[in-house]
Amino acid sequence: MPLFLVAKSRRTNGHFEVHCADCPAAPPPPHSHYLGSFPSAARAICDARVLYPRCEGCEQCCAADALPDEEPDRPRRHALSGA
Ligand SMILES: [Zn+2]
């Protein structure tokens with residue numbers, strides 16, 4: 001399983017960023033907190049939120065994974081045209 005870490009410094013949007021350990025955008029250890037191995041970025045992000053409630057997956061290394069909970073109130077497009 002891939003190893004994940006979370007950056008200790010906030011991004012401009014106030015969120016902490018979760019990375020795979022081999023992500024080129026991941027900060028080196030003094031500036032990151034290792035989370036451990038997870039089967040997916042989404043699971044790592046869920047665990048990271050225990051320590052860093054406002055965190056999100058890196059767009060470079062976690063984009064392929066579905067990100068949990070970070071799509072607030074997106075309108076669901078289904079069956080609205082049937083009227
Ligand atoms: Zn990354």
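**Overall fold and nonpolar core of the predicted model**

Read from the N terminus, the elements of the protein chain follow the order β-β-β-α-β. In total, the secondary structure amounts to one helix and four strands. The structure shown here is a predicted model, and a word on confidence is a helpful place to begin. Mean pLDDT for the protein chain is 83, with 76% of the residues at 70 or more. Where pLDDT is low, the predicted coordinates should not be read in detail. Among the elements, β1 has the highest mean pLDDT, 96, while strand β4, residues 55-57, has the lowest, 93.

The strands come together in one sheet. Four strands make up this open sheet, arranged as β3-β1-β2-β4 with mixed pairing. Its edges are formed by β3 (32-37) and β4, each of which pairs on one side only. From one strand to the next, the twist averages 30°. A newcomer may find it easiest to start from β1 and look to either side. Towards β3, β1 runs antiparallel and is joined by five bridges; here L5 is found opposite Y34 of β3. Towards β2, the pairing is again antiparallel, over three bridges, and F4 sits opposite C20 of β2. β1 is also mostly covered, as four of its five residues are buried.

The helix is the next part to place. Helix α1 lies across β1, β2, β3 and β4, and its direction is at about 165° to that of β4. The contacts of the chain can also be viewed along the sequence: of those between residues at least 6 apart, 54% join residues at least 24 apart. One pair that is distant in sequence consists of A48 and V6, which are separated by 42 residues in sequence but by 7.0 Å in space, C-alpha to C-alpha.

Buried residues account for 28% of the 83 residues in the protein chain. In soluble globular proteins, nonpolar side chains tend to be buried together. The largest nonpolar core of this model has 18 residues, and the members that touch the most others are F4, V6, V18, A44 and A48. At least two residues of this core come from each of β1 (3-7), β2 (16-20) and α1 (41-51).

Two alanines give a closer view of this core. Beyond its neighbours within four places in sequence, A44 is in contact with F4, V18, L35 and F38. A48, for its part, is located in helix α1. Why does A48 count as buried? A48 is buried because 25 other C-beta atoms lie within 10 Å, and the cut-off for a buried residue is 20 or more. With neighbours within four places in sequence again set aside, the contacts of A48 are V6, V18, L35 and C55. V18 and L35 thus appear in the contact lists of both A44 and A48.

How values were computed:
Residues are numbered from 1 along each chain as its sequence is written. This is a predicted model: local features need pLDDT of at least 70, side-chain atom pairs count only at pLDDT 80 or more; totals for chains, interfaces and linings use all residues. A nonpolar core is a set of buried Ala, Val, Leu, Ile, Met, Phe, Trp, Tyr and Cys residues joined through C-beta atoms within 7 Å. A residue is buried if 20 or more other C-beta atoms lie within 10 Å of its own, exposed if 12 or fewer, and partly exposed in between; C-beta atoms are placed from the backbone. Two residues are in contact if their C-beta atoms, placed from the backbone, lie within 7 Å. pLDDT is the predictor's confidence in each residue, from 0 to 100. Two strands pair if DSSP finds at least two bridges between them. Axes are lines fitted to C-alpha atoms, for helices over the stretch in contact, and angles run from 0 to 180 degrees between N-to-C directions.
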